[in-house]
Amino acid sequence: MNTTEVSLDAQWMPFTANRSYKSAPRLLASATGMYYTSADGRQILDGAAGLWCVNAGHCREPIAQAIARQAAEMDFAPPFQMGHPLAFELADRLVAMLPDGLDRVFYTNSGSEAVDTALKMALAYHCARGEPHRARFVGRQRGYHGVGFGGISVGGIETNRKAFSEQMLPLVDHLPHTHNIDENSFSRGQPEWGAHLADALEVVVAERGAGTIAAVIVEPVSGSTGVLIPPQGYLERLRAICDEHGILLIFDEVITGFGRLGASFAAARFGVVPDLMTVAKGITNGAVPMGAVFARRGIYDAVCDASGPGVEFFHGYTYSGHPLACAAALATLDLYESEGLFARAASLERYWEDATHALCGTRHVVDVRNIGLVAGIELAPRRNAVGARAFETFTRCFERGLLIRVTGDTIALSPPLIVETGQIDEMMSVLGSVLDGVG
Ligand SMILES: Cc1ncc(COP(=O)(O)O)c(C=O)c1O
């Protein structure tokens, strides 16, 4: 199929400049390993794991087979008052890889749903414990937590909120983000400066009263707003303040989960365990939509124990724990394990760091930052056209056979964890030469 055979009119595309896309479409037709094939037959090296999803590489046979087998065996099972073994088996497998303390799993279909589910769990928990006034959430500027009304309320991306601003959740405060080029430019791994920014939570507590705050939600590493890496000591400080005031800490690990940082989860990498964790994307290698919330047992117990007989938590999705998603997730976890992909990401981190930082000095580049197999390469914006330079870089890279992701004027790189060093070199070489040619 190429662009002349398909009409582009009917689909209202997500997070896309529909009009300009449809005048110059970029169509992908197939994928394998580290590469997409475009509809016009070109090989496209994947520098973005699709959209932070495909950690084990594309179209892996064991995952495809597991999905096909499950589709033939049992396509769907109702998840309310019913169950199927794979959903329970997967929950056990997930708990076994989680940091100690997180041991209950609730399935969703996406990161957005996982976030809204976690927010509801926090409210339900405090209600169950007799503290219904703990209803306030604290998010962070430049946070991305998906597109549900809960997620955009605690999120901190203005463009995602503007058109809906009259209907945000009412009780939300935002911490400052931690990105500061003046202090931390070209940092390798966690920047040294900025742990004190967590103290803004103390200010919110002082202003609002600890007894009004249900939860704080942050991405341990923000991805969608330009790869913002937590300063050394910052997450530890947030954890300590939450503990001091009985506030739940939620880590949104939709992109950091499943090996992206060279460990199972950011919580493991940083040694800071939240009370609730949201995941999606890499849980099925992107092959079937799935998300989840991981909770401390105490949260589950409190909600269940406070309830009379019958349903304890009035929340769930038709496709929670869908059989095809569970089959895909189990096969994905097998692959992560058998190929040691999280350790592989860790072992490649230094090479990746050196390769990405070699772009320092390239035209337009004002910052490079990295952790695990993620890098943010920030460009100077064009005057009066924020994001335009990065977007042109994205389209030119695609023409040159490289898929990158851009957000604002930052290029976010996050290749599948199977990436080879030669492919890392190729990414940097294409990117460097494209940047040289972009005005
Ligand atoms: C940190 C984070 N949370 C939530 C989401 C939303 O996930 P989804 O698009 O699956 O709803 C994303 C998506 O990129 C994300 O990066």
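## A walk from the ligand outward

Start at the ligand: 14 residues surround it, and the closest are Ser-110, Gly-111, Ser-112, Gly-146 and Val-254. Keep in mind as you look around that this is a predicted model. Helix α5, residues 111-128, supplies the largest share of the shell around the ligand, with three residues. Sorted by class, that shell has seven polar, five nonpolar and two charged residues.

Now zoom out to the whole chain. Its secondary structure comes to 16 helices and 15 strands. Along the principal axes, the C-alpha atoms fill a box of roughly 65 × 55 × 45 Å. The radius of gyration is 22 Å, which agrees with the value near 22 Å that a compact globule of 439 residues would have. As for burial, 47% of the 439 residues count as buried. The contact pattern is worth a glance too: among contacts with a separation of 6 or more, 73% are between residues 24 or more positions apart.

For a feel of distances across the model, pick Asp-425, which sits in helix α16 (residues 421-437). From its C-alpha to that of Gly-83 it is 47 Å in space, and the two are 342 residues apart in sequence. Asp-425 counts as partly exposed because it has 13 C-beta neighbours inside 10 Å, and a residue would need 20 or more to be buried.

Next, go to strand β8, residues 248-252. How many of its residues are buried? Five of the five are, so to speak a mostly covered strand. In a regular strand the side chains alternate between the two faces of the sheet. In β8, Leu-248, Ile-250 and Asp-252 point one way, while Leu-249 and Phe-251 point the other way, and all are buried. Note that the list includes Asp-252, buried along with the rest.

What does β8 pair with? One partner is strand β7 (residues 213-218), which runs parallel to β8 and is joined to it by four bridges. In that pairing, Ala-215 stands opposite Leu-248. To get from β7 to β8 the chain passes through helix α10 (residues 234-245), and this β-α-β crossover is right-handed. Another partner is strand β9 (residues 276-279), again in the parallel sense, this time over three bridges. Here Ile-250 of β8 stands opposite Leu-276 of β9.

Finally, if you like checking backbone torsions, there are two spots to visit. Most residues other than glycine have a negative phi. Arg-142 has a positive value, with phi near 65°. Look for Arg-142 in the loop between β5 (136-140) and α6 (149-154). Is Arg-142 buried or exposed? It counts as buried, because 22 C-beta neighbours lie inside 10 Å.

The other spot is His-364, where phi is near 75°, also a positive value in a residue other than glycine. His-364 lies in a loop as well, between α14 (341-357) and β11 (365-371). With 19 other C-beta atoms within 10 Å, His-364 is partly exposed, since the cut-off for a buried residue is 20 or more.

Definitions and conventions
Residues are numbered from 1 along each chain as its sequence is written. This is a predicted model: local features need pLDDT of at least 70, side-chain atom pairs count only at pLDDT 80 or more; totals for chains, interfaces and linings use all residues. A residue is near a molecule or strand if its C-beta atom, placed from the backbone, lies within 6 Å of it. Helices (H or I, at least four residues) and strands (E, at least two) are DSSP runs, numbered from the N terminus. Ala, Val, Leu, Ile, Met, Phe, Trp, Tyr, Cys and Pro count as nonpolar, Asp, Glu, Lys and Arg as charged, and the others, Gly among them, as polar. The radius of gyration is taken over C-alpha atoms; the globule rule is 2.2 Å times the number of residues to the power 0.38. A residue is buried if 20 or more other C-beta atoms lie within 10 Å of its own, exposed if 12 or fewer, and partly exposed in between; C-beta atoms are placed from the backbone. Two residues are in contact if their C-beta atoms, placed from the backbone, lie within 7 Å. Two strands pair if DSSP finds at least two bridges between them. A crossover is right-handed if, with the strands pointing away from the viewer, the path from the first strand over the helix to the second runs clockwise.
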